[in-house]
Structures are given as structure tokens and as C-alpha cells.
Amino acid sequence: MASILIAYDTTEGHTRKIAQYMGDSVSRSGHEAQVVDIRRPPTDFSLDSFDAVLVGASIHLGKHSRQLSGFVSRHKARLATVPTAFFSVSLSAGVEKQKGEASRILEEFLQKVDWSPTIKTIFAGGLLYREYGFLKRWMMKKIARDAGKDTDTSKNHEYTDWQAVDGFVKEFLAQLDQH
Ligand SMILES: Cc1cc2nc3c(=O)[nH]c(=O)nc-3n(C[C@H](O)[C@H](O)[C@H](O)COP(=O)(O)O)c2cc1C
């Protein structure tokens, strides 16, 4: 049984939902999972006790957050010695003609922080209109219209392919056996 960390960075909460889903999936497969918000880690948090690390984060305004860069930089030494995975969550990842852009942002981030995770992917996120304030809701509705996504702001919309998430976790767990 391996001890696996799933560390996430979220603004509206969708990446947390994916991270928790992964945590359940990892636990069901007989491993120990700990899901941690990188902005609110437990006291005395250290990566040393984990055998493998999954990191997930969302894209806002064309990039991943400073907090995410800080997390990866702080833990770079440990991340280089265990199997790791990175998943990037965005609206673009769920829009056929914008997937390339989502992958480009992921690659630029990894290059900037000088990290080569064992596996990586992009997942479509959501439009959490109900969590947005007035301005954000207005801006996201406009972006959604241009992207051909939902514009009904009375509810949240989710585009994540949960089967793809299952597949990614499976692929990651297979890495543990090879390590
Ligand atoms: C203010 C704002 C800016 C965003 N900027 C982008 C962007 O530049 N590219 C993109 O693909 N998605 C963008 N999104 C969509 C988010 O990546 C998507 O809603 C994701 O599910 C958010 O995940 P989170 O709730 O974990 O933060 C943006 C969303 C908001 C609210």
C-alpha cells in the first residue's frame, strides 16, 4: 500500500472536487490518499512521508497561480524522486479548438518551474456562475458564449470527463508498480 498525496490549487472549488474524486478512487484501489489544499496545508506539512504525488490546478486569466509555482518550487527536490502527476483544469480544455492553448499553458508552467512530472494532462473544468460575483459572472458569460459553452448563469455547469479522470488515476497507479 502506497501513501499518495493529492495536492490541489483552486479558486472556485472545481479542482478540489476533482482532487477529492481522485482521493476516493485512490482509496478504493487500496492505497492511502491525502487530499491537501496547497494554500492551506496542515501544520508541519511535508512531502517526505508520501510515496507519490499528484498535483492539480486551475487556469485563471491565462495562467496557473503564483501559489502553485511556489508549491512546486518549494518541493522540487522531493518531486524529483517519487512518481508524480500534474493535471491542469480549465475551460479551454473542454473546447475542441482551444485544447492546444490549454496544453500550451500547462507546458509553459512546467518549463517555468522546471518540473517534469511522470505523467500530465488537461481536464475540462466548469463554469461556476453561482460562485462568481456580478462582474466575473458577466465576463465568464461572454467568454462562454464565444466558446460555445453554457450561458445560463442561474446554475453551475460542469464539463469534466470523469471517465478520463478515472483513466488518469489508473495510469498514475500503474507508474507506482514500475517505480
Ligand atoms: C476569472 C476567471 C478567469 C478564467 N480564465 C480562464 C482562462 O484564461 N483560460 C481557461 O481555459 N479557463 C479560464 N477560466 C475557467 C476556469 O479555469 C474553470 O472555471 C475552472 O473549472 C476553475 O477551476 P477552479 O474552480 O478549481 O478554480 C477562468 C475562470 C474564471 C472565473
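## A nonpolar surface patch

Phe134 is exposed, with 63% relative accessible area. This value, like the others in this report, is computed from a predicted model. Phe134 belongs to helix 5, which covers residues 134-147.

Phe134 also contributes to a nonpolar patch on the surface, together with Leu61, Leu135, Trp138, Met139 and Ile143. The area of the patch is about 730 Å². Leu61, another of its members, is located in the loop that joins strand 3 (52-58) to helix 2. With a relative accessibility of 75%, Leu61 counts as exposed, because the term applies to values over 50%.

## Positive phi angles in two loops

The backbone at Leu61 has a positive phi of about 50°, although Leu61 is not a glycine. A positive phi is also found at Asp114, where the angle is about 60°, and this residue is not a glycine either.

Asp114 is placed in the loop between helix 4 and strand 5 (119-124). Its relative accessibility is 59%, so Asp114 counts as exposed.

## Helix crossings

Two packed helices are described by the angle between their axes and the distance between the axes. Helix 2 (residues 66-74) and helix 4 (residues 99-113) have axes that come within 10 Å, and the crossing angle is roughly 45°. These two helices are therefore oblique to each other. Where helix 2 passes helix 4, the crossing is right-handed.

A second pair consists of helix 1 (residues 14-28) and helix 6 (residues 162-178), whose axes come within 10 Å and cross at roughly 55°. Helix 1 and helix 6 are therefore described as oblique to each other. Their crossing is right-handed.

## Salt bridges between distant parts of the chain

The structure contains 9 salt bridges. One of them joins the side chains of Asp9 and Arg39, with an N to O distance of 2.6 Å. Asp9 is in strand 1 (residues 3-9) and Arg39 is in the loop between strand 2 (32-37) and strand 3, so this salt bridge ties together parts that are 30 residues apart in sequence. Asp9 counts as buried, at 2% relative accessibility, whereas Arg39 is partly exposed, at 36%.

Lys136 and Glu12 form another salt bridge, in which the closest N and O atoms are 2.8 Å apart. This pair links distant parts of the chain, since Lys136 is in helix 5 and Glu12 is in the loop between strand 1 and helix 1, 124 residues apart. Lys136 is partly exposed, with a relative accessibility of 36%. Glu12 is likewise partly exposed, with a relative accessible area of 21%; the value of Glu12 falls in this class because buried means under 20%.

## A salt-bridge network in helix 4

A salt bridge also connects Glu101 with Arg104, and the closest N and O atoms of this pair are 2.7 Å apart. Both residues lie in helix 4, where they are 3 residues apart, about one turn of the helix. Glu101 is partly exposed, with 36% relative accessible area, and Arg104 is partly exposed, with 37%.

The pair is part of a network of salt bridges that links Glu101, Arg104 and Glu108.

How values were computed. Residues numbered from 1 in each chain as written. Predicted model: local features only at pLDDT ≥ 70, side-chain atom pairs only at ≥ 80, totals over all residues. Heavy atoms only, no water. Patch = residues over 30% accessible without salt bridge, like charges linked within 9 Å, V, L, I, M, F, W, Y side chains within 5 Å. Areas by Shrake-Rupley, 256 points an atom, 1.4 Å probe, with all protein chains shown as cover. Salt bridge = Lys/Arg side-chain N within 4 Å of Asp/Glu carboxyl O. Helix = DSSP H or I, 4+ residues; strand = E, 2+ residues; numbered from the N terminus. Buried < 20%, exposed > 50% of the residue type's maximum accessible area, 1.4 Å probe, protein only. Axes fitted to C-alpha atoms, helices over the stretch in contact; angles between N-to-C directions. Parallel < 35°, antiparallel > 145°, perpendicular 65-115°, else oblique. Left-handed = near helix turned anticlockwise from the far one by under 90°.
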